[in-house]
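Here are some exercises on contacts within and between chains, each followed by a worked solution. Have the viewer open and try each task before reading on.

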Amino acid sequence: MPVDVNLPTILRQHAGGQKTVKANGSTLQEVFEDLVRQFPGLDGQVVTDGALHKFVNVYVNDDDVRYMDKLNTKVADDDVVTILPAVAGG
Amino acid sequence: MAVFDNVLDLIGDTPMVDVSSLSPNPRVRILVKLEGQNPGGSVKDRVALSMIQQAEKDGTLKPGQTLLEPTSGNTGIGLAMVCRVKGYPLKCVMPSNVSPERRQLLEVWGAEIIESPGEEGSNGAVRMAQGLAEEHPDYCFLYQYANPANPKAHYEGTGPEIWRDCPEVTHFIAGLGTSGTLIGVGKFLKERNPAVQVWAVEPPSGEMVDGLRNLDDGYIPPIFIDNNGFDLLDRKRIVGPRDSIEGVRRLRDVGVFSGVSSGAVAAAAIKAAGELDDAVIVFLAPDAGWKYLSSGAWTDDLDEVEARARRINYW
């Protein structure tokens, strides 16, 4: 099942400069595995040691997956996965 | 109306307004706490006063000493007001792409502005301020992102006020910046009623931060880690610029003149109301609309405002 994955500026160099790419999977874990298959340069960028990189926030549609099921969060057709660097406010 | 001895005594005790007419569900009430009513114009007055009082008490801030702080705006403005009243010089490190009104307000209070690269966002301001603080050990570096007096202001002020005014609250929703509001209020409300849900809202600000060299340049505020923020929050949602501006306009329609981040939180509260049943949502509006007039949020074409909001840091 394809979902759209929005990449942050910093990761686009590993995906031929694309802002949005398609990936398949029924969980976030599977989506990221498919991403790495397509773009090996993304290996170890978003997922490190089996968990989300400390300074990366990942959203399925609008929801931060750290407060859902993390990498086991289910995704469905037409969901949008957004990867963003963690930044400060205030 | 009481007569106050000092303008700083006006900080806190802000009003809450029922805006349930915005709720798509008649069984979900929505209330907004208006932090723009603080004398410096934002929720950050609480944090500024709390951090300065603590530093005065523990001796890290001496009479006449210069303060240094990284800020995207409101903390700087709050500090600048408190510093003006108490006679401390203030230097604020702020990204170059904040709204012009933030700069003007810092100038009003006489703070010095040190610009950090806009494309590095607040992370760049934090890094630059940390460097300056190391070079100038004579500065008092309160550092809102790691200062326990930040969440304490909300644990002792904002949280108890919400509980006093609306003990039936089931959901508290606020923006995530330093995490001070969510940590302080969230902790207080959950101690009173563990069933209260604490939801965070954030802008997709990472989209604007093109200046990061790699993901290790990311940033999580130490107060969030120190207070087990990942466990405290029940949910975190992102609200983009377009929904934020629409939120600002929805609030305007019920007579609430709000800032852009308040619009984002309002949009999240309205969406939550559509998904919940029998809930009482309290959300926090950090500031009023004055500082955002140049954004055209209320009057310009929505597409144009959205495009502007992707370039300028309004959060």
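A salt bridge here is a side-chain nitrogen of Lys or Arg within 4 Å of a carboxyl oxygen of Asp or Glu. Please keep in mind that this is a predicted model.

**Exercise 1. Describe how domain 1 and domain 2 of chain B meet, and find a salt bridge between B:Glu35 and B:Arg46.**

Step 1: place the domains. The domain assignment gives chain B a domain 1 made of 7-37 + 158-309 and a domain 2 spanning 44-141. Their centres, taken over C-alpha atoms, are 23 Å apart. Domain 1 of chain B brings 25 residues to the contact and domain 2 of chain B brings 22.

Step 2: look at the area. About 1700 Å² is buried between the two domains, and carbon and sulfur atoms give 55% of it. On the side of domain 1 of chain B, B:Leu8, B:Ile11 and B:Lys291 supply 37% of the buried area, more than any other three residues.

Step 3: turn to the polar side. Two salt bridges cross this interface, and 10 residue pairs are in polar contact there. The residues that domain 1 of chain B puts against domain 2 of chain B divide into 10 nonpolar, seven polar and eight charged.

Step 4: check the named pair. The side chains of B:Glu35 and B:Arg46 come to 2.8 Å, N to O, and a pair counts when that distance is within 4 Å, so this one is a salt bridge.

**Exercise 2. What does chain B contribute to its contact with chain A?**

Step 1: count residues. The contact takes 35 residues from chain B and 22 from chain A.

Step 2: weigh the area. Chain B and chain A bury about 2500 Å² between them, with 58% given by carbon and sulfur atoms. B:Leu215, B:Lys236 and B:Ile238 lose the most area to chain A within chain B, together 29% of what that side buries.

Step 3: list the polar links. Four salt bridges are counted between chain B and chain A, and eight residue pairs are in polar contact across this interface.

Step 4: name the elements. Helix H4 (121-135), helix H8 (229-232) and strand S9 (235-238) of chain B each give two or more residues to the side that touches chain A. S9(B) gives the most, with four residues. By class, that side of chain B holds 11 nonpolar, 13 polar and 11 charged residues.

Step 5: follow one link outwards. A:Asp63 and B:Arg237 meet in a salt bridge of 3.2 Å, N to O. This pair belongs to a network of salt bridges that links A:Asp63, B:Arg235, B:Arg237 and B:Glu275.

**Exercise 3. Which parts of chain B does each of three salt bridges tie together, and are the partners buried or exposed?**

Step 1: take B:Arg46 again. Its side chain also meets that of B:Glu161 in a salt bridge (2.8 Å, N to O). Because B:Arg46 lies in helix H1 (residues 44-58) and B:Glu161 in helix H5 (residues 149-165) of chain B, the pair ties together parts that are 115 residues apart in sequence. Both partners are buried.

Step 2: move to B:Lys190 and B:Asp234, whose closest N and O atoms are 2.7 Å apart. B:Lys190 is in helix H6 (residues 180-192) of chain B and B:Asp234 in the loop between H8 and S9 of chain B, 44 residues apart. B:Lys190 is buried, at 18% relative accessible area, whereas B:Asp234 is partly exposed, at 24%.

Step 3: finish with B:Arg242 and B:Glu306, again a salt bridge, with closest N and O atoms 2.7 Å apart. B:Arg242 sits in helix H9 (residues 241-253) and B:Glu306 in helix H11 (residues 302-309) of chain B, 64 residues apart. Here B:Arg242 is partly exposed, with a relative accessible area of 29%, and B:Glu306 is buried, with 14%.

**Exercise 4. Where does A:Asp78 lie, and where does B:Asn228 lie?**

Step 1: recall the background. Most residues other than glycine have a negative phi.

Step 2: inspect A:Asp78. Its phi is near 75°, a positive value. A:Asp78 lies in the loop between strand S6 (63-64) and strand S7 (80-85) of chain A and is exposed, at 68% relative accessibility.

Step 3: inspect B:Asn228. Its phi, near 55°, is positive too. B:Asn228 lies in the loop between helix H7 (222-226) and H8 of chain B and counts as partly exposed, at 49% relative accessibility.

Definitions and conventions
Residues are numbered from 1 along each chain as its sequence is written. Chains are lettered from A and ligands numbered from 1 in the order in which they are written. This is a predicted model: local features need pLDDT of at least 70, side-chain atom pairs count only at pLDDT 80 or more; totals for chains, interfaces and linings use all residues. Side-chain values use heavy atoms; hydrogens and water are left out. Domain bounds come from an automatic or database domain assignment. Contact means heavy atoms within 4.5 Å. Buried area is the accessible area (1.4 Å probe) that two parts lose on being put together, summed over both. A polar contact is a pair of N or O atoms within 3.5 Å; within protein, one must be able to donate a hydrogen and the other to accept it, and residues adjacent in sequence count only if both atoms are side-chain atoms. Ala, Val, Leu, Ile, Met, Phe, Trp, Tyr, Cys and Pro count as nonpolar, Asp, Glu, Lys and Arg as charged, and the others, Gly among them, as polar. Buried means under 20% relative accessible area, exposed over 50%, partly exposed in between (1.4 Å probe, protein chains only).
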